[in-house]
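Q: I am new to this structure and would like a close look at a single part of it. Please go slowly, and connect what you say about that part to its surroundings.

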Amino acid sequence: MHKGKGMKFVGDSRISAEKKPNIPKDYSEYPGRTEAFWPNFLLKEWLVGAVFLVGFLCLTLAHPAPLEGMADPGDAAYIPLPDWYFLFLYELLKYNFASGPYIIMGILVLPGLAFGALLLAPFLDKGPGRRPQQRPVAVGMMMLGLASVIWLTYESASAVDWEARAEENKPVAEADVEIDEEDPGFAIYENSCMQCHGDDLSGGAAAPSLIGTEHTADEIADIAQNGIGDMPPDQFSGSDEELEQLVDFIVSVNEEAE
Amino acid sequence: MLQKIYDWIDDRIDITPIWRDIADHEVPEHVNPAHHFSAFVYCFGGLTFFVVVIQILSGMFLTMYYVPDIENAWKSVYYLQTEVAHGQIVRGMHHWGASVTVVMLLLHTLRVFFQGVYKKPRELNWMVGVLIFFIILGLGFTGYLLPWDNKAFFATQVGLDIAQQVPFIGEQLKTLLAGDPEIIGAQTLTRFFAIHVFFLPGALFALLAAHFILIRKQGISGPL
């Protein structure tokens, strides 16, 4: 490359005004059966990438991303669980030597040692040999770390009933319904049902939501009189006409919610 | 015509050396799966980058709908998931992409480790790579909160409790992440959003650039 005095530049820039031919570097002395990155090898990389992408898209189509109900900070019964790649850290904190008074062990010392050793591996494993059998300590430590992570993840994941968990925490579609308080059925609902099922039919601690119920009108009439599950019978007492108005009201709210 | 455009640009910014640096190199035989099938292990790094690009693109599209606010975050994700055309696929790609990134990154790390490639002169690139691993885990942790559903909220609560138990700086660390020493709420969500979308990606791009420049400078390591 031309440097120093006598260089000609484009305008007042530092770009050389002398044209250099665009010739690729010579690789004839390079050992082995090499291949040019551009375009030969890159084309193969794209093929691998395309196959990978198809597999990845099949995964996303077959399993939609999960979404649970909106966060409810007051839900004391919820059992927290991190994403799967943090499960091993989470499980580690359950051991006696890594929790309670020894929590520093679990959150700082052990992970710090493991990840610190990973970061500083080149300075801990300084020998010249690259083959695994030439550096038994480094490889042994890595195997140990890897086995512990896999074991902890397995221990943590196998204790969870994933399907039941997903079923329990399904998101409830938010029912944005106007309750027509002028409806004759509303007065009856107010008397008989509201105490447990809430003033917007969304349920409460003692009773489920009536919005999105899968019962038919006849079943609703029957449940109001005879109860179901934990619900005692005779919650509704009145004439058949009033029962019909109540059922019509509940059904109409459900229709509006859809 | 194309040649003229190239020459016009080349006259002004001398593009040829840059092009040579990026694309003009030979791929040695021992890393080419076309010659030795077992060389597929060399694909993991590139595939990790590929998934990271998927994450960046799908994430950019997700922010078109996502609202980082405790009233609307969950609703915006629910809307995206149920109403928006292909929203489920884009969110699915981002969700599964996070896991696939971690898997691919782990495989790439193991390949590099067991081949002992981190030894002189590639110590610096190994450390840059481990830092990228930490950044990716940080992205996973902060991104987990954003849908603002129950699992997000309670997992973050546990995470912040752990941060709080760090000696000396625990309280400050938790406040820095959550925006408040006690409450996990609106502040926490906006902070995690900012960290997930601006701070960590910024750090990730810088480290990835360093990673690739170092590879280009040092070349691929020789066969074992």
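A: A residue counts as buried when its relative accessible area is under 20%, as exposed when that value is over 50%, and as partly exposed in between. The model shown here is predicted. The part to look at is B:Phe133, which is found in helix α6 of chain B. Its relative accessible area is 11%, and because this is under the 20% cut-off, B:Phe133 is buried. Along the sequence B:Phe133 is 32 residues away from B:Thr101, yet in space the two are 9.8 Å apart, taken from C-alpha to C-alpha.

To place this residue, it helps to look at the chain that holds it. Chain B has 9 helices and 1 strand, and along the sequence these follow the pattern α-α-β-α-α-α-α-α-α-α. The C-alpha trace of chain B spans about 55 × 50 × 35 Å along its principal axes, and of its 224 residues 48% count as buried. B:Phe133, with its 11%, is one of the residues on the buried side of that division.

Helix α6 of chain B runs over residues 123–145, and between α5 (87–114) and this helix there is a loop that contains B:Pro121. The peptide bond that leads from B:Lys120 to B:Pro121 is cis, with omega near 10°. That deserves a remark, since most peptide bonds are trans. A cis bond is also found in chain A, where A:Trp38 is joined to A:Pro39 with an omega of about -5°; there, however, the proline lies in a helix, namely α1 (residues 37–62) of chain A.

Aromatic rings are the next topic, and a search of the whole structure finds 26 aromatic pairs over all chains. In one of them, the ring centres of B:Phe40 and B:Phe44 are 6.2 Å apart and the planes stand at 85°, so this pair is edge-to-face. The partners differ in how far they are covered: B:Phe40 has a relative accessible area of 38% and is partly exposed, whereas B:Phe44, at 14%, is buried. Another pair is formed by B:Tyr118 and B:Trp126, with 5.1 Å from centre to centre and 55° between the planes, an arrangement that is tilted. Both B:Tyr118 and B:Trp126 are buried. Ring pairs can also bring the two chains together in a cluster, as they do for A:Trp84, A:Tyr85, A:Phe86, B:Phe141 and B:Phe192.

Some rings have a charged group over them instead. A:Arg135 lies over the face of B:Phe113, 5.3 Å from the ring centre, and within chain B the charged end of B:Arg12 sits over the ring of B:Trp8, at 4.0 Å from its centre.

A contrast with B:Phe133 is offered by another phenylalanine of chain B, B:Phe168, whose relative accessible area is 81%, so that it is exposed. Its place is in the loop between α7 (150–164) and α8 (170–178) of chain B, while B:Phe133 is found in a helix. The backbone of B:Phe168 also stands out, with a positive phi near 70° in a residue other than glycine. Most residues other than glycine have a negative phi. B:Asp14, likewise not a glycine, has a positive phi of about 55°, and this residue lies in the loop between α1 (2–13) and α2 (16–23) of chain B.

Finally, the helices can be compared by the way they cross. In chain B, the axes of helix α3 (residues 43–62) and helix α9 (residues 186–218) come within 13 Å and cross at roughly 155°. That angle makes α3(B) roughly antiparallel to α9(B), and their crossing is left-handed. In chain A, helix α9 (residues 217–226) and helix α10 (residues 240–257) have axes that come within 10 Å and cross at roughly 120°. This makes α9(A) oblique to α10(A), and here the crossing is right-handed. Chain A is divided into domain 1 (26–65), domain 2 (84–159) and domain 3 (184–257), and the C-alpha centres of its domains 2 and 3 lie 57 Å apart.

To return to the starting point, B:Phe133 is a buried residue of helix α6 of chain B, with its C-alpha 9.8 Å from that of B:Thr101.

Methods. Residues numbered from 1 in each chain as written. Chains lettered and ligands numbered in written order. Predicted model: local features only at pLDDT ≥ 70, side-chain atom pairs only at ≥ 80, totals over all residues. Heavy atoms only, no water. Domains from an automatic or database assignment. Phe/Tyr/Trp six-rings, centres within 6.5 Å; stacked < 30°, edge-to-face > 60°. Buried < 20%, exposed > 50% of the residue type's maximum accessible area, 1.4 Å probe, protein only. Lys NZ or Arg CZ within 6 Å of the ring centre and 35° of its normal. Axes fitted to C-alpha atoms, helices over the stretch in contact; angles between N-to-C directions. Helix = DSSP H or I, 4+ residues; strand = E, 2+ residues; numbered from the N terminus. Parallel < 35°, antiparallel > 145°, perpendicular 65-115°, else oblique. Left-handed = near helix turned anticlockwise from the far one by under 90°.
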